Amino acid sequence: MLKYDKAAAQNIERSYSTPDIARQRLQTLKALALNTGEHVVDVGCGTGFLISEMASVVGETGRLTGVDFSQDMLDVAIKRCESLPQVSLRQGSAIDLPLDDACFDAATCTQTLLYVPDVDRSIAELARVLKIGGRLAIIETDWNGAIVNSADPAMTQKIFQSFQKPIPNPNLPTKLSPMLREHGFGAINIEAIPIVNTGYTSANFSPSVITWASNMAVLEKDISRQEAAAWVADLEAKAERGEYFFCVNRFLFSAVKVQ
């Protein structure tokens, strides 16, 4: 079972501090086209990276509301946003948002729906809290398309299949558009956000994914700790020789509530 604890919050802090994810946030902000004074909700706000950046766009007359299931994530977000009076953060579920109907101009949901058992209900909740004409930005990853230059492709496949086991929706992008239309969203646009790393350093996104995936495969008892260590060691050796390559595609879905 996945845990959204302090260790998970620390991992998010590391990976979401990388330039790869900083660029993703810029693309999200561009898609939302926020205006001064608007009210925005970030569902699955995590440790507060995006919501703190949105605060500078909507200004002090705007309102930002962050919702996350994990109090450990929120504790980090609260510290990050403590100097931003327009930001409020609360614990809650994506399938039962503790928010009023039709009270937001825009909504974001980044790498959250893949963990939610009932995605349909979550999208219904996003639609409920948005005003007519409200904009939505969702980012999800297609983990089936992950590419790693490994000396053992079979082991790589086993590891990536294993870490998806406890995730309810690891390959959600293929299903999102019809679900959005069903819940009254239109003007749907899909933009690929490739994450390509040719270096294995803390400045890149992929090392945390490699660590997470290999550890998850061990916890799922699909591989041994020794096999995981050997797989990671091969990737580190490739990095030293300039042969490291990692790629995965994230997808930004932007839409407008039309009914």
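This is a short tour of a predicted model, stop by stop, with something to select at each one.

Residues are numbered from 1 along each chain as its sequence is written. Because the model is predicted, local features need pLDDT of at least 70 and side-chain atom pairs count only at pLDDT 80 or more, while totals for chains, interfaces and linings use all residues; side-chain values use heavy atoms, with hydrogens and water left out.

**Stop 1: helix α2 and its partner α3**

Start by selecting residues 19–32, which make up helix α2. (Helices are DSSP runs of H or I with at least four residues, strands are runs of E with at least two, and both are numbered from the N terminus.) Now add helix α3, residues 49–58. The two axes come within 11 Å and cross at roughly 50 degrees. (Axes are lines fitted to C-alpha atoms, for helices over the stretch in contact, and angles run from 0 to 180 degrees between N-to-C directions.) That makes α2 oblique to α3. (Under 35 degrees counts as roughly parallel, over 145 as roughly antiparallel, 65 to 115 as roughly perpendicular, and the rest as oblique.)

Show side chains for Arg25, Thr28, Leu29 and Leu32 of α2 along with Phe49, Leu50, Glu53 and Met54 of α3, and you have the contact. (Contact means heavy atoms within 4.5 Å.) By type, the contact residues split into five nonpolar, one polar and two charged. (Ala, Val, Leu, Ile, Met, Phe, Trp, Tyr, Cys and Pro count as nonpolar, Asp, Glu, Lys and Arg as charged, and the others, Gly among them, as polar.)

Zoom in on threonine 28, which is buried at a relative accessible area of 2%. (Buried means under 20% relative accessible area, exposed over 50%, partly exposed in between, with a 1.4 Å probe and protein chains only.) Leaving aside neighbours within four places in sequence, threonine 28 touches Leu50, Thr108, Ala137, Ile139 and Leu252.

**Stop 2: two alanines with positive phi**

Step along to alanine 33, in the loop between α2 and β1. Its phi is near 50 degrees, a positive value in a residue other than glycine. Alanine 33 is partly exposed, with a relative accessible area of 45%.

Then jump to alanine 102, in the loop between β3 (87–91) and β4. Here phi is near 45 degrees, again positive in a residue other than glycine. Alanine 102 counts as partly exposed, at 41% relative accessibility.

**Stop 3: threonine 65 in β2**

Select residues 63–68, strand β2, and pick out threonine 65. Buried or exposed? Threonine 65 is buried, at 3% relative accessibility. Beyond its neighbours within four places in sequence, the contacts of threonine 65 are Val40, Val41, Asp42, Ile51, Ser88, Arg90, Leu99 and Phe104.

**Stop 4: helices α5 and α7**

Next, select 119–129 (α5) and 173–182 (α7). Their axes come within 10 Å and cross at roughly 50 degrees, so this pair is oblique too. The contact is made by Val119, Asp120 and Ile123 of α5 with Leu176, Met179, Leu180 and Glu182 of α7. Five of those residues are nonpolar, none polar and two charged.

Aspartate 120 deserves a click: at 29% relative accessibility it is partly exposed. Not counting residues up to four places away in sequence, aspartate 120 touches Met179, Glu182 and His183. Measure C-alpha to C-alpha from aspartate 120 to methionine 179 and you should get 6.8 Å, for residues 59 apart along the chain.

What do the buried residues of α5 pack against? The list is β1 (39–43), β4 (104–110), β5 (130–148), α7, β6 and β7 (246–257).

**Stop 5: phenylalanine 185 in β6**

Follow on to phenylalanine 185, in strand β6 (residues 185–197). Phenylalanine 185 is buried, with a relative accessible area of 3%. Among its contacts beyond four places in sequence are Ile123, Leu126 and Ala127, as well as Leu180. The C-alpha atoms of phenylalanine 185 and arginine 135 are 9.0 Å apart, with their positions 50 residues apart in sequence.

**Stop 6: helix α8**

Finish with residues 206–219, helix α8. The 14 residues reach 20 Å from first C-alpha to last, close to the 20 Å expected at 1.5 Å a residue. (The expected span is 1.5 Å times one less than the number of residues.) Of the 14 residues, 10 are buried, so α8 is largely enclosed by the rest of the structure. Just after α8, check lysine 221, where phi is positive at about 65 degrees.
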